[in-house]
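Trainee: I should like to work through this entry by question and answer. Please show it, and then begin with the terms for accessibility.

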Amino acid sequence: FLIDHDNPNELYSKIAHGSAEIRIAVGEGIAGHVAARGEMVNIPEAYKDSRFNRENDRKTGYKTNSILCAPLFVASGAIVGVLQIINKHEGPFTERDEVALRKLGTLAAAAIHRCQEYSSLTTRLSSEKERENR
């Protein structure tokens, strides 16, 4: 899930197991909680956690059992989104899984941030070029 630049109080996901875009408020559900707090959560039984939002399972037809979710921090310390993995095949997520997700999250956050910066730059340059051509 990424923070929406047009609405920084909302997260969105364009890829979610065969579904359309999913949007959630920062602070709501597991991903929203992680985005608001900036702390990883490891939940062995999603439906027993009061923060879990069952609505996404209902919409997608998917059954979430376990969740490991980490914030995506850029070098400035800002959160650009969260990385969430669900339903480990055998047993609960472990401390080793948490370490691996943190490492992957560091790489993903840097790549996402670079893409966002590039997109912002190209948009700005395009706007400037349009103004010059008027």
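Mentor: A residue is buried under 20% relative accessible area, exposed over 50% and partly exposed in between, for a 1.4 Å probe and protein chains only. This is a predicted model, in which local features need pLDDT of at least 70 and side-chain atom pairs count only at pLDDT 80 or more, while totals for chains, interfaces and linings use all residues. Residues are numbered from 1 along each chain as its sequence is written, and side-chain values use heavy atoms, with hydrogens and water left out.

Trainee: Which pattern of helices and strands does the chain follow along the sequence?

Mentor: Helices (H or I, at least four residues) and strands (E, at least two) are DSSP runs, numbered from the N terminus. The chain has 3 helices and 6 strands. Read along the sequence, their order is β-β-β-α-β-α-β-β-α.

Trainee: What share of the residues of the chain counts as buried?

Mentor: The C-alpha trace spans about 60 × 30 × 25 Å along its principal axes. The chain exposes about 8900 Å² by the Shrake-Rupley method with a 1.4 Å probe, where only the protein chains shown count as cover for residues. Carbon and sulfur atoms supply 51% of that exposed area. Of the 134 residues, the buried share is 33%.

Trainee: What share of the contacts with a separation of 6 or more comes from residues 24 or more positions apart?

Mentor: A contact means heavy atoms within 4.5 Å. Among contacts in the chain with a separation of 6 or more, residues 24 or more positions apart account for 41%.

Trainee: How far apart are the centres of the positive and negative side chains?

Mentor: Lys and Arg count as positive and Asp and Glu as negative, with His and the chain ends not counted. Each charge is placed at NZ of Lys, CZ of Arg, CG of Asp or CD of Glu. The chain has 18 positive and 18 negative side chains, and the distance between the centres of the two sets is 2 Å.

Trainee: Which residue forms a salt bridge with Asp4 at 2.8 Å?

Mentor: A salt bridge is a side-chain nitrogen of Lys or Arg within 4 Å of a carboxyl oxygen of Asp or Glu, and the structure holds 6 of them. At a closest N and O separation of 2.8 Å, Asp4 pairs with Arg23. Asp4 lies in the loop between strand E1 (2–3) and strand E2 (10–13) and its partner in strand E3 (residues 22–25), so the pair ties together parts 19 residues apart in sequence. Asp4 is buried at 10% relative accessible area, whereas partly exposed, at 36%, is the partner asked for, Arg23.

Trainee: Which residues are linked with Asp4 in a network of salt bridges?

Mentor: Side chains of opposite charge can pair when their charged atoms come close. Here the network links Asp4 with Glu10 and Arg23.

Trainee: Which residue forms a salt bridge with Arg51?

Mentor: Arg51 is partly exposed at 29% relative accessibility. Its closest N and O atoms to the partner are 2.8 Å apart. With a relative accessible area of 15%, the partner is buried; it is Asp49.

Trainee: Which residue forms a salt bridge with Lys48?

Mentor: Lys48 is exposed, at 68% relative accessibility. Its partner is partly exposed, at 43%. The closest N and O atoms are 3.1 Å apart, and the partner is Glu45.

Trainee: Against which strands do the buried residues of H1 pack?

Mentor: Helix H1 (residues 29–37) is mostly covered, with 7 of its 9 residues buried. These are Gly29, Ile30, Ala31, Gly32, His33, Val34 and Ala35. They pack against E1, E2, E3, strand E4 (41–43), strand E5 (67–73) and strand E6 (79–86).

Trainee: Which side chain of opposite charge is nearest to Glu98?

Mentor: Glu98 belongs to helix H3 (residues 95–132). Not counting residues up to four places away in sequence, Glu98 touches Met40, Asn42 and Leu68. Glu98 is buried yet has no salt bridge; at 4.3 Å, the nearest side chain of opposite charge is Arg102.

Trainee: What is the phi of Asn87?

Mentor: Asn87 sits in the loop between E6 and H3 and is buried at 15% relative accessibility. Although Asn87 is not a glycine, its phi is positive, at about 55°.

Trainee: How many disulfides does a search of the whole structure find?

Mentor: A disulfide is a pair of cysteine sulfur atoms within 2.5 Å. Cys69 is buried at 0% relative accessible area, whereas Cys115 is exposed at 54%. The number of disulfides found in the whole structure is 0.
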